[in-house]
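Hi,

Here is the structure I promised to pass on. Please have it open while you read the notes underneath.

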Amino acid sequence: MAQLGTRRRRALALPVGLALTASLGFVPAGSAVAAAPATTPGAVVTDGPKLSYVVNVKGNSRKTAKSVKQEIAKAGGSIVIDYDRIGVIVVHSQNPAFAQTIRTVRGVESAGATRTAPISPATDTSTGAERPLTAQEAVASAAKAEAEQDPLEPLQWSLPAIKADQAHKKTLGSKRVTVAVIDTGVDDTHPDLAPNFDTAASANCVSGKPDTTPGSWRPAPGESDHGTHVAGTIAAAKNGVGITGVAPGVKVSGIKVSTPAGFFYTEAVVCGFMWAAENDVEITNNSYYVDPWLFNCKNDPDQTALVESVTRATRYAERKGSVNVAAAGNSAMDLASDELKDTTSPNDTTPGDRLVNPSECLDIPTQLPGVVTTASLGAKNLKSSFSNYGDGVIDISAPGGDRTAYQKPDAPATDGRILSTTVNGKYSYKAGTSMATPHVAGVLALLKSTNRSASPAALKALLAEQADKQECTNPYDYNADGVVDAVCEGGKNKNGFYGEGVADALDAVRR
């Protein structure tokens with residue numbers, strides 16, 4: 001039987017085969033300067049394909065940054081935005097030698113192209129087909145809903161799985177807490193999201209520079225509804241309509257970082273973290289990995305620059321008060337192994353096969369220091385068939401769903417996937433570590449609501465301490481075909497399948 005989640009992208013959970021063929025174009029921030037750079041002889045070529053780059057400046061010296069910017073112009077680059085607080089400059093250039101040239105400049109720590117092709121469409125590579133909620137299911141669920149439940153809540157098996165239903169009897173969370181969904185955009189017009197949407201903390205960061213035009217954070221027609229689904233799991237209002245979020249009383253914002261073709265490039269992700277940080281967001285949800293590399297190897301000059309830029313951005317966000325939560329991925333890989341085969345990178349041109357050591361070649365932002373790495377569980381509280389794992393890598397686990405045939409929920413729920421909001425006021429089921437991560441983000445939002453003065457470090461410690469400890473599942477045979485599909489390592493208090501345990505919403509609201 002085909003396994004759910006073998007497709008590598010964790011960010012998009014759309015119908016299999018759906019082609020996202022929208023194209024985009026860069027608008028240059030300024031004309032490229034076709035002058036000879038001080039570091040290389042001869043004229044600068046500026047008629048190559050337009051690519052985006054990140055340039056990481058050493059230290060925090062304004063003098064050094066100013067000098068680097070001058071050299072960027074000389075090398076044929078135009079600056080899109082300068083994140084001077086972290087020393088990251090986003091640049092567009094049509095000089096094929098731009099990165100190689102700028103790396104030789106004094107004051108530059110690293111620099112690299114954020115993509116391997118300029119403008120190109122892509123097909124969806126989802127964790128598996130989504131399924132829209134049917135009218136019959138909605139009617140049946142509403143008939144079974146108890147007085148305090150929203151009409152579709154009986155279908156949300158994941159809420160009692162983390163005791164969120166019990167937590168809601170104590171508190172729904174504070175409207176002073178905002179969770180940013182850094183993703184494909186959020187449809188804030190949805191009736192379950194509109195009451196809790198934080199417009200001021202929302203933006204479109206696709207270009208690498210924040211755009212706050214009203215509605216710019218929404219997915220355009222035909223674009224992925226992934227971010228909208230994630231947002232509903234976190235904070236769908238308890239308002240007598242549809243579903244209920246894990247923290248239905250907190251605010252949720254949308255920071256759009258995905259291109260129409262479905263790529264999450266470094267400059268957009270850096271912008272997303274910086275926007276969240278500067279707008280007092282307490283939690284960020286990151287259900288994606290940064291394209292075009294599944295793993296970014298530190299011995300590659302381009303890839304190490306991408307790791308450095310995103311690392312700086314996540315650390316800055318945490319210093320400003322944000323807890324960053326990320327999905328572990330849907331490739332059923334052991335991220336603690338010595339070697340993995342990557343057959344999908346780069347995904348924006350022609351991928352090739354390579355062997356990588358995941359301790360040296362990182363899945364970002366998932367494997368970055370300080371980020372809460374989340375694995376997925378199914379309705380039977382076992383690791384989802386598709387979920388990545390790894391002793392010492394996974395921090396926490398939460399419901400992300402699985403094929404109903406593998407892990408069937410108890411009645412009245414009928415589908416082993418996660419039900420949440422989608423665009424145009426509708427609802428659908430999806431599965432993936434993308435769906436597990438917002439459960440953790442919601443629990444953290446409840447924690448922050450109850451512990452307003454707690455630092456990010458304190459919140460992460462509480463999340464781990466309160467998690468329901470779960471022992472390794474060995475032998476692990478998710479489809480009962482007699483073949484062991486993965487091996488869990490570690491003890492009950494922390495292991496490769498479940499990390500510190502399953503996130504607990506009830507403990508999060510106990511003072």
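Below is what I found around one serine, its sheet and the helices beside it.

First, some housekeeping: this is a predicted model, in which local features need pLDDT of at least 70 and side-chain atom pairs count only at pLDDT 80 or more, while totals for chains, interfaces and linings use all residues. Residues are numbered from 1 along each chain as its sequence is written, and side-chain values use heavy atoms, with hydrogens and water left out.

Ser-428 lies in strand E20, residues 427-430 (strands are DSSP runs of at least two residues, E, and helices of at least four, H or I, numbered from the N terminus). With a relative accessible area of 2%, Ser-428 is buried (under 20%, using a 1.4 Å probe and protein chains only). Among the residues that Ser-428 touches are Arg-131, His-229 and Ser-420 (contact means heavy atoms within 4.5 Å).

E20 belongs to an open sheet of 3 strands, in the order E7-E20-E19 with antiparallel pairing (strands pair if DSSP finds at least two bridges between them). E7 (131-132) and E19 (418-421) are at the edges with a single partner strand each, so each has one side without a neighbour in the sheet. Helix H6 (residues 226-235) packs on this sheet, touching E19 and E20, and its direction makes about 100° with that of E19 (axes are lines fitted to C-alpha atoms, for helices over the stretch in contact, and angles run from 0 to 180 degrees between N-to-C directions).

H6 also packs with helix H9 (residues 433-450) at about 35°, their axes 8 Å apart. Residues making that contact include His-229 of H6 and Met-435 of H9.

Best wishes

How values were computed: Buried < 20%, exposed > 50% of the residue type's maximum accessible area, 1.4 Å probe, protein only. Lists of a residue's contacts leave out its neighbours within four places in sequence.
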